Amino acid sequence: DPLTTTTVLPTVVVNGIEVVADFSGWSPGLVGLVQVNFVMPVDLPPGTRVSIVIRYGAVSTQAMTIAVE
């Protein structure tokens with residue numbers, strides 16, 4: 001099955017650094033779940049906790065925090 005992509009690629013904000021997503025599409029078999037693939041900025045040291053926000057135009061997600069290894 002081909003992946004269904006969103007009509008717009010989101011902007012991902014990682015600790016204030018804007019990154020363009022490589023892929024944004026509906027997750028197969030999971031209703032209402034969108035998968036977003038992006039590359040983390042290279043200058044984040046391991047062990048850093050980063051804030052991530054995903055923006056589709058004027059609509060943004062709540063900030064999420066993850067650890068970088």
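Begin by colouring the protein chain of this predicted model by pLDDT: the mean is 90, and 99% of the residues reach 70 or more. With that colouring still on, select strand E2, residues 17-20, where confidence is lowest at a mean of 91, and then E1, where confidence is highest at a mean of 96.

Next, select the largest nonpolar core, which has 10 residues: Val 12, Val 14, Val 19, Ala 21, Val 36, Leu 44, Val 50, Ile 52, Ile 54 and Val 68. Two elements, strand E1 (11-14) and strand E5 (49-56), each give two or more residues to this core, and E5 gives the most, with 3 residues. As background to this stop, nonpolar side chains in soluble globular proteins tend to be buried together.

Stay with the core and centre the view on Leu 44, which, if residues up to four places away in sequence are not counted, touches Val 14, Asn 15, Val 50 and Val 68. Of these partners, Val 14, Val 50 and Val 68 are listed among the core residues.

Now move to strand E3, residues 23-26, and select Ser 24, which has its place there. Is Ser 24 buried or exposed? Ser 24 counts as buried because its relative accessibility is 2%, and the cut-off for buried is under 20%.

Finally, show the side chains of Ser 24 and Tyr 56, which are joined by a polar contact of 2.5 Å. Expanding the selection around Ser 24, again without residues up to four places away in sequence, brings in the residues it touches: Thr 5, Thr 6, Val 8, Leu 9, Pro 10, Val 34, Gln 35, Val 36 and Tyr 56. One of these, Val 36, also belongs to the largest nonpolar core.

Note on methods
Residues are numbered from 1 along each chain as its sequence is written. This is a predicted model: local features need pLDDT of at least 70, side-chain atom pairs count only at pLDDT 80 or more; totals for chains, interfaces and linings use all residues. Side-chain values use heavy atoms; hydrogens and water are left out. A nonpolar core is a set of buried Ala, Val, Leu, Ile, Met, Phe, Trp, Tyr and Cys residues joined through side-chain atoms within 4.5 Å. Buried means under 20% relative accessible area, exposed over 50%, partly exposed in between (1.4 Å probe, protein chains only). Helices (H or I, at least four residues) and strands (E, at least two) are DSSP runs, numbered from the N terminus. Contact means heavy atoms within 4.5 Å. pLDDT is the predictor's confidence in each residue, from 0 to 100. A polar contact is a pair of N or O atoms within 3.5 Å; within protein, one must be able to donate a hydrogen and the other to accept it, and residues adjacent in sequence count only if both atoms are side-chain atoms.
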